[in-house]
Amino acid sequence: MHKMFTKIAVALVLVSSFSVLAAELPVPIDSGEEGIQAALDKLPAGGEVLLSAGKYLIHQPIIMRKDHQTLRGHGTDTVLYLADGANCPVVLLGSPSDTVAPTKDIHLADLFIDGNRSHQPKEVWHVLSSGAGLYNNGVDVWNVDGATVENVVCCRCRSGGMVTSGRTRRLTVRDFTAFDNQFDGLACYFTEDCDFSRLNLHDNLSAGISLDLNFNHNVIHDSVLTGNDLGIFMRQSRNNLFQGVTIQKSRHHGVFMAQSFVGTATGLQPCLGSECAGNTFDKLEVAHCGGKGFLVNDVTCTNNVICGGHFADDAQGDLSQAAPNLISLRVQEMANNPIHLEPAISHQLSDHVVAGQDTRKAL
């Protein structure tokens, strides 16, 4: 009987040790993205890959394609550095396909991603059969449900810092920093029911945040956007809440709100349903921008609200609208900080277009 209990106890210890080893897989620095990918692919449900402090050289994107897995580093001491000429995303969350089920409950945390953009001659990595492109972003989020990204820095990427697309749902992003990227710090397409907080987006060559093409029912709060070309660019965005967002020192406008247009034989025509509507800006602060504080470029952008907004020292004025009353101001909140209203002159932004899908901007 004693021997039987001893065998059972040893078996339990072995099973327990195996579970711990399987659930947490460390990856040495010199293994690069191949070692990271192999560890992720070996993980059982609920497992975690732990990266060391140091620099991992990345030649191919790290793809988190299994449910319930985590990739975690040691904060800014863990660097994922894109190799010269790799021309690809650094981390891809989910599966870049519209025909598979979404990847669920994945977690990316505590990493510094350097896109090495001065040594990436191409922006596009792959073009999917649908015509959508996969670009050289720091983090690409594609077709996920319930993912979390926290304490991640993306800088110097040939395209954007983080881009969400392909039916992204219930994504949580917090403590995310993006700077010196070729285009936007954060760009979102086909993204719904997500929560973004404590964003620090600064000195990106295009927008701090670009919201374009079905960005609906999301919350962005407690965030600072400084020194970008535009603070927030938005089209085809509905029923979102921006709360406690501060925009400073944009080279052009603080917020640019518009409808999409498409080229035809007779010239540019508006895309039906592509306007911004039903968005609320609570405690918005815009200051020291080179253009307008808030520009509503098209008359189709209606039923948007600013509550408790404050504008200061924007070179071309505070709030400018293509027609009166496109933005509703909560009078009781605005009494102490009145906004100067001006008629808008319509601006047409040229699109940075690849394969008919990319709508990133250059003024």
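This passage walks through the fold, the strand pairing, one buried acidic residue, the nonpolar cores and the cysteines of a predicted model.

Because the model is predicted, local features need pLDDT of at least 70 and side-chain atom pairs count only at pLDDT 80 or more, while totals for chains, interfaces and linings use all residues. Residues are numbered from 1 along each chain as its sequence is written, and side-chain values use heavy atoms, with hydrogens and water left out.

Strands dominate the list of elements: the protein has three helices and 37 strands. Both kinds of element are DSSP runs numbered from the N terminus, helices being H or I runs of at least four residues and strands E runs of at least two. Of the 363 residues, 52% count as buried, where buried means under 20% relative accessible area, exposed over 50%, and partly exposed in between, using a 1.4 Å probe and protein chains only. The accessible surface comes to about 15,200 Å², and 56% of that belongs to carbon and sulfur atoms; areas come from the Shrake-Rupley method with a 1.4 Å probe, and for residues only the protein chains shown count as cover. Contacts (heavy atoms within 4.5 Å) often link distant parts of the sequence: among those between residues at least 6 apart, 63% join residues at least 24 apart.

A run of parallel pairings can be followed from strand to strand. Two strands pair if DSSP finds at least two bridges between them. Strand 17 (residues 172-179) runs parallel to strand 20 and is joined to it by seven bridges, with F176 having L199 as its bridge partner. Strand 20 (residues 195-202) is in turn joined by six bridges to strand 22 (residues 219-226), again in parallel. Here S197 is partnered with H221, and N200 stands opposite V224. Strand 22 then pairs in the parallel sense with strand 24 (residues 241-248) over seven bridges, where V219 stands opposite L241.

D114 makes a good close-up. This residue lies in strand 9 (residues 107-114) and is buried, with a relative accessible area of 8%. What does its side chain meet there? A polar contact of 3.0 Å joins the side chains of D114 and R156, and the backbone nitrogen of N116 lies 2.9 Å from a polar atom of the D114 side chain. A polar contact is a pair of N or O atoms within 3.5 Å; within protein, one must be able to donate a hydrogen and the other to accept it, and residues adjacent in sequence count only if both atoms are side-chain atoms. Leaving aside neighbours within four places in sequence, D114 is in contact with L80, Y81, L82, C155 and R156.

L80 leads on to the interior. The largest nonpolar core has 67 residues, and L80 and F294 have the most contacts inside it. Apart from it lies another core, of six residues, among them A207, L230, A258 and L295. Such a core is a set of buried Ala, Val, Leu, Ile, Met, Phe, Trp, Tyr and Cys residues joined through side-chain atoms within 4.5 Å.

How many disulfides does a search of the whole structure find? The search finds zero, a disulfide being a pair of cysteine sulfur atoms within 2.5 Å. C194, buried at 3% relative accessibility, is unbonded because its sulfur is 7.5 Å from the closest cysteine sulfur, in C188, too far for a bond. C276 is in no disulfide either, the nearest cysteine sulfur, that of C301, being 4.6 Å away. At 0% relative accessibility, C276 counts as buried.
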